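Me: I have just opened this entry and would like a short tour. Could we go through it together?

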Amino acid sequence: MFRSNVTPPPRERASAGQVAGRWLLGLTIVAGLVGSLVIGMPALSAPTAAQTQQSQASQGH
């Protein structure tokens, strides 16, 4: 295996704008997931007594 004694150049640090952009993108994705979970939770939960009474009243019971 070939080994070089030449050190690679140091990695460039991300600028403040790039770091802020990554944070903003991450926060946007997390906020979207949390928002969809909050909006979807009522549909996933079991019907409550008030909802069943309303549905029975609409059916004429």
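Me: Where in α1 does a kink lie?
Reply: This is a predicted model. In α1 the kink lies at V38, shortly before the proline P42, and amounts to about 25°.

Me: What span should the 29 residues of α1 have, and how far apart are its end C-alpha atoms?
Reply: The expected span is 42 Å, because each residue is taken to add 1.5 Å. The end C-alpha atoms of α1 are 41 Å apart, which agrees.

Me: How many helices and strands does the protein have?
Reply: There are two helices and zero strands.

Me: What share of the residues is buried?
Reply: Of the 61 residues in the protein, 0% are buried. The protein exposes about 6,100 Å², and 65% of that area comes from carbon and sulfur atoms.

Me: Turning to the surface, which residues form a nonpolar patch?
Reply: The patch consists of V19, W23 and L27, which together have about 340 Å² of accessible area.

Me: Where does V19 lie?
Reply: V19 belongs to helix α1, which covers residues 16-44.

Me: Why does V19 count as partly exposed?
Reply: Its relative accessibility is 36%, and partly exposed covers values between 20% and 50%.

Me: And A14, where is its place?
Reply: A14 sits in the segment before α1. A14 is also partly exposed, with a relative accessible area of 33%.

Me: Which residues is A14 in contact with, leaving aside neighbours within four places in sequence?
Reply: A14 is in contact with V19 and R22. V19 is thus a contact of A14 as well as a member of the nonpolar patch.

Terms used
Residues are numbered from 1 along each chain as its sequence is written. This is a predicted model: local features need pLDDT of at least 70, side-chain atom pairs count only at pLDDT 80 or more; totals for chains, interfaces and linings use all residues. Side-chain values use heavy atoms; hydrogens and water are left out. Patches are made of residues with over 30% relative accessible area and no salt bridge: like charges are joined within 9 Å, nonpolar side chains (Val, Leu, Ile, Met, Phe, Trp, Tyr) within 5 Å. Accessible areas come from the Shrake-Rupley method with a 1.4 Å probe; for residues, only the protein chains shown count as cover. A salt bridge is a side-chain nitrogen of Lys or Arg within 4 Å of a carboxyl oxygen of Asp or Glu. Helices (H or I, at least four residues) and strands (E, at least two) are DSSP runs, numbered from the N terminus. Buried means under 20% relative accessible area, exposed over 50%, partly exposed in between (1.4 Å probe, protein chains only). Contact means heavy atoms within 4.5 Å. The expected span of a helix is 1.5 Å times one less than its number of residues. The bend at a residue is the angle between axes fitted to the seven residues ending there and the seven starting there.
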